[in-house]
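Reader: I'd like a close look at one part of this protein, namely the strands and how they pair up. Could you start at one edge of a sheet and then work out to whatever surrounds it?

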Amino acid sequence: MAYLTGKTEQGCSTTGILRDGYIVCAPDVPDRIINQGKTNTWHMWHAKVVGEVGEKVKIRLEWPEYDKSKVDPELLKNPNFELEWECFITCARDIVFTSTDRINWSRIENVEIAGNSLVFESELEAKESWFTVLYYYTTEMFRDLLGFADENKYIKTEIIGNDMGGDEIYAFTVTDFSVPDTQKKAMFFMGQQHVSENNGSHMCDLMMRFLAGDDEKAAELRKKYVVYFVPVASVTSWREGLDTHLTIDINPNRDWEEMTLPTTKAIHTWLEAQKPVPSFLLDIHSGLANYGRWDICQAISTNPDKTDKDYEREHRFVDLVYEEASFLPTRRYWDDFAVKTTNFDGYAKRYGQSQTMEVSHYAMYDKEAGRHFPIDKKGLERFARQLLPICDKLISEE
């Protein structure tokens, strides 16, 4: 008989209990989320199932219910778009995945919503299998990327510091090292500042593999650019499978002025030493929005308090992504907030054009099909291959 546990790397599940033929479990939601009434934003679950090959397991995943009446009164006093979000369970139905190695994931399609639970059945392909809600960027994926980088002549790997738990913070440089850097411009991409937002890491990983591969366009880009990557910024909290930074009180993307965290200090010190200086910088996050809000479940920031020239350049980037990639279903300019020096995109304007991108937790737009599909590696990989040539076009227009 199979059993389910959350006691695995990046785990986020209660212990499975057998009940009426199902393994019943729930995401391991911190008390502070429940006490604040913010269960509508919960979007994570990660568990290991141990059993026999070929064994069929039926899982009932009890999703945290959302009751707006339980929202902390202090939150209600402030404008907070998070309160507008419905319970994430509808989105979660589309992003239940399973894997036998935590590198290759397949989506489970027979998921049903029953009350506040997700119910599904799966046949085990190995004695140990992993199940998630959310397309996690796993520690195994990162180890695989490190192995790929070590064997690739176009990638330089550096340890630029240690995070709060002692985890090494990695930065990568991808270029054709036979071409002098003085003949090139530079870009920078970063993921996983917010530790439950995995898509920045996925995008960095996939862009690195494309750029260091055999594609003719990639070879052209390597000769023109030095491309810097930090795929996992908040390493310790990510490895632990947390929903927010280990400190709880410090948001890494509000720490770019004081730089109290080892992550921001390390990345700043490393960026300051890079030549050539990046002229385009992109901080990639994962976005929440109600299911079916296809126009806003992904976005690119455009900050109206910048100079007219900078604002126009940001709009140009959005236009190029809309016109040439499978990402934005509408030509939407995300002007919802003013840039601050505490945020990375405000800090990074000292180097060049800097923007924030939100890749939906649960869906990717397919331009050819004219609609969204559940997020998966195929959709992210397609966008990763499209994004670098778009950045090249943007920079070449300067």
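**From a sheet edge outwards**

Author: Let's start with β8, which is joined to strand β9 (residues 117-123) by 3 bridges, the two running antiparallel. Keep in mind that this is a predicted model. One of the pairings to look for on screen is Ala114, whose bridge partner in β9 is Ser117.

Now zoom out a little. β8 and β9 belong to an open sheet of 5 strands, and if you walk across that sheet the order reads β2-β3-β5-β9-β8, with mixed pairing. The edges are β2 (17-19) and β8 (112-114); each has a single partner strand, so one side of each has no neighbour in the sheet. From one strand to the next, the twist averages 35°. As background, strands in a sheet pair through backbone hydrogen bonds, and they can do that parallel or antiparallel.

For another set of pairings, go to strand β14 (residues 225-230). It's mostly covered, with 6 of its 6 residues buried. Tyr225, Val227 and Phe229 point one way from β14, while Val226, Tyr228 and Val230 point the other way, and all of them are buried. β14 also pairs with strands of both kinds. Strand β12 (residues 168-174) runs antiparallel to β14 and is joined to it by 3 bridges; here Phe172 stands opposite Phe229. Strand β13 (residues 185-191) runs parallel to β14, with 6 bridges between them, and one pair to pick out is Met187 with its bridge partner Val227 in β14.

How does that sit in the whole chain? The secondary structure comes to 11 helices and 19 strands. The radius of gyration is 21 Å, close to the 21 Å that the globule rule gives for 398 residues, so the chain is as compact as a globular protein of that length. Along the principal axes, its C-alpha atoms fill a box of roughly 65 × 50 × 45 Å. Buried residues account for 57% of the 398 residues.

Next, the empty spaces inside. Rolling a probe the size of a water molecule over the atoms shows where empty space is left. Here that gives 3 cavities of 30 Å³ or more. The largest cavity holds about 70 Å³ of space. Its lining includes Asn40, Thr41, Trp85, Glu86, Cys87 and Phe88, and also Thr90, Cys91, Leu288, Ala289, Asn290 and Tyr291. Sorted by class, that lining has 7 nonpolar, 4 polar and 1 charged residues.

The second largest cavity holds about 40 Å³. Among the residues lining it are Gln10, Met44, Tyr136, Gln192, Val195 and Ser196, along with Asn198, Trp238, Gly241 and Leu242. By class, this lining has 5 nonpolar, 5 polar and no charged residues.

While you're following the backbone, a few loops deserve a stop. In general, most residues other than glycine have a negative phi, and most peptide bonds are trans. Arg102 has a phi near 60°, a positive value in a residue other than glycine. You'll find Arg102 in the loop between β6 (96-99) and β7 (106-107). Is Arg102 buried or exposed? At 1% relative accessibility, Arg102 counts as buried, the cut-off being under 20%.

Leu134 has a positive phi as well, near 110°. Leu134 is in the loop between β10 (128-133) and α4 (139-150). With a relative accessibility of 2%, Leu134 counts as buried.

For the peptide bond, go to Lys275 and Pro276: the bond joining them is cis, with omega at about 0°. Pro276 lies in the loop between α8 (262-272) and β15 (278-287).

Last stop, a helix. Pro389 is in helix α11 (residues 377-396). At 22% relative accessibility, Pro389 counts as partly exposed. Pro389 and Leu221 are 168 residues apart in sequence, yet their C-alpha atoms are 7.8 Å apart in space.

If you want a route for your own viewing session, begin with Ala114 and Ser117 at the β8 and β9 pairing, then move to β14 with β13 running parallel to it and β12 running antiparallel. After that, turn to the largest cavity, with about 70 Å³ of space, and finish at the cis bond between Lys275 and Pro276.

Methods
Residues numbered from 1 in each chain as written. Predicted model: local features only at pLDDT ≥ 70, side-chain atom pairs only at ≥ 80, totals over all residues. Heavy atoms only, no water. 1 Å grid on protein atoms, 1.4 Å probe; cavity = no way out; pocket = protein on both sides within 12 Å on 5 of 7 lines; lining within 4 Å. Points joined across faces, edges and corners; volume = space filled by probe spheres on them. Nonpolar A, V, L, I, M, F, W, Y, C, P; charged D, E, K, R; others polar. Pairing = 2+ DSSP bridges. Helix = DSSP H or I, 4+ residues; strand = E, 2+ residues; numbered from the N terminus. Axes fitted to C-alpha atoms, helices over the stretch in contact; angles between N-to-C directions. Buried < 20%, exposed > 50% of the residue type's maximum accessible area, 1.4 Å probe, protein only. Rg over C-alpha atoms; globule rule 2.2 N^0.38 Å.
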